[in-house]
Amino acid sequence: MSSNAAVLAARLEAQAEALLPAATAVVTHHAMLLETAIKAAASGRPGPNAPTGDYRRSWTTEVRVTGSGVEATVGTNKPQAARLEYGFTGADSLGRIYHQPPLPHVGPSVDRLAPGFTAALGQLAERIVR
C-alpha cells in the first residue's frame, strides 16, 4: 500500500507559509472597513450627532498576529461610546437624570460587514485547500 502523505504534507506546509500574510491582509482590510463604517455611522442621525468630530476621530484599529492567528481590535477610548451605543436612563455620577435613547452605530456596522468578512475568510480557506 502506498500513500501520498508526504506530498500532501509538503503542499500543506507551503500553503501554511502563505496563510499568515494572506490572513493578516484579510483581517486588516475588514477591520479598516469596520472602522470607516463606524465613523460614518457616528456622523449624525440615526447614529450619534458628533458636531466636533472628536468622537469619530477617536476610533482606531489595531491588528496583531498571535500564537493562534490574526486578530483585530476596532475601538475607542472615549467614555461616551457605550452610552451612545446602548443608551442610558437614570442618574449619572453627578446626580443628573438622563433618558438618553440608544444611537447604535457599532452593532449595525458589524452586522452589515460580517457577511463580507466571513466570505473573504471562506475564500482564503478554499484557496489554501486547493
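Modeller: A residue counts as buried under 20% relative accessible area, as exposed over 50%, and as partly exposed in between (1.4 Å probe, protein chains only). The structure above is a predicted model, in which local features need pLDDT of at least 70 and side-chain atom pairs count only at pLDDT 80 or more, while totals for chains, interfaces and linings use all residues. Residues are numbered from 1 along each chain as its sequence is written, and side-chain values use heavy atoms, with hydrogens and water left out.

Colleague: With that definition in hand, why is Lys78 called partly exposed?

Modeller: The relative accessible area of Lys78 is 25%, a value that lies between the two limits, and therefore Lys78 belongs to the partly exposed class.

Colleague: What makes Glu35 buried?

Modeller: Glu35 has a relative accessible area of 9%, which falls under the limit for buried residues, so the term applies. Glu35 has its place in helix α1, which covers residues 5-41; helices (H or I, at least four residues) and strands (E, at least two) are DSSP runs, numbered from the N terminus.

Colleague: Which residues is Glu35 in contact with, leaving aside its neighbours within four places in sequence?

Modeller: Trp59, Thr60, Thr61 and Val74 are in contact with Glu35 once those neighbours are set aside, contact here meaning heavy atoms within 4.5 Å.

Colleague: Why is the link between Glu35 and Lys39 called a salt bridge?

Modeller: The term requires a side-chain nitrogen of Lys or Arg within 4 Å of a carboxyl oxygen of Asp or Glu. In this pair the closest N and O atoms are 2.8 Å apart, so the distance meets the limit and the link is a salt bridge. As general background, side chains of opposite charge can pair when their charged atoms come close. Both Glu35 and Lys39 lie in helix α1, 4 residues apart, about one turn of the helix. Unlike buried Glu35, Lys39 has a relative accessibility of 24% and counts as partly exposed.

Colleague: How many salt bridges does a search of the whole structure find?

Modeller: The search finds 5 of them, and one of the links that meet the definition joins the side chains of Asp54 and Lys78, with 3.0 Å from N to O. Asp54 lies in helix α2 (residues 54-57) and Lys78 in the loop between β2 and α3 (81-86), so this pair ties together parts that are 24 residues apart in sequence. Asp54, at 35% relative accessibility, counts as partly exposed.

Colleague: How do you know that Glu71 and Arg64 meet in a salt bridge?

Modeller: Their side chains come to 2.8 Å, N to O, which is again within the limit, and therefore the pair qualifies. Salt bridges that share partners join Glu62, Arg64 and Glu71 into one network. Glu71 has 36% relative accessibility and Arg64 has 24%, so each of the two counts as partly exposed.

Colleague: Where is the place of Glu62, and why is Glu62 called partly exposed?

Modeller: Glu62 is found in strand β1, and its relative accessible area of 45% lies between the limits, so the term fits. Apart from its neighbours within four places in sequence, Glu62 is in contact with Glu71, Ala72 and Thr73. The C-alpha atoms of Glu62 and Leu12, which are 50 residues apart along the chain, are separated by 29 Å.

Colleague: What makes strands β1 and β2 a pair?

Modeller: Two strands pair if DSSP finds at least two bridges between them. Strand β1 (residues 60-66) and strand β2 (residues 69-75) run in the antiparallel sense over 7 bridges, so the requirement is met. Among the bridge partners, Val65 is matched with Val70 of β2 and Thr66 with Gly69 of β2. The two strands form a hairpin, with 2 residues between them.

Colleague: Finally, why does Glu17 count as exposed?

Modeller: Glu17 has 60% relative accessibility, which is over the limit for exposed residues, and so the word is the right one. Glu17 lies in helix α1, the helix that also holds Glu35. The C-alpha atoms of Glu17 and Gly95 are separated by 57 Å, the two residues being 78 residues apart along the chain.
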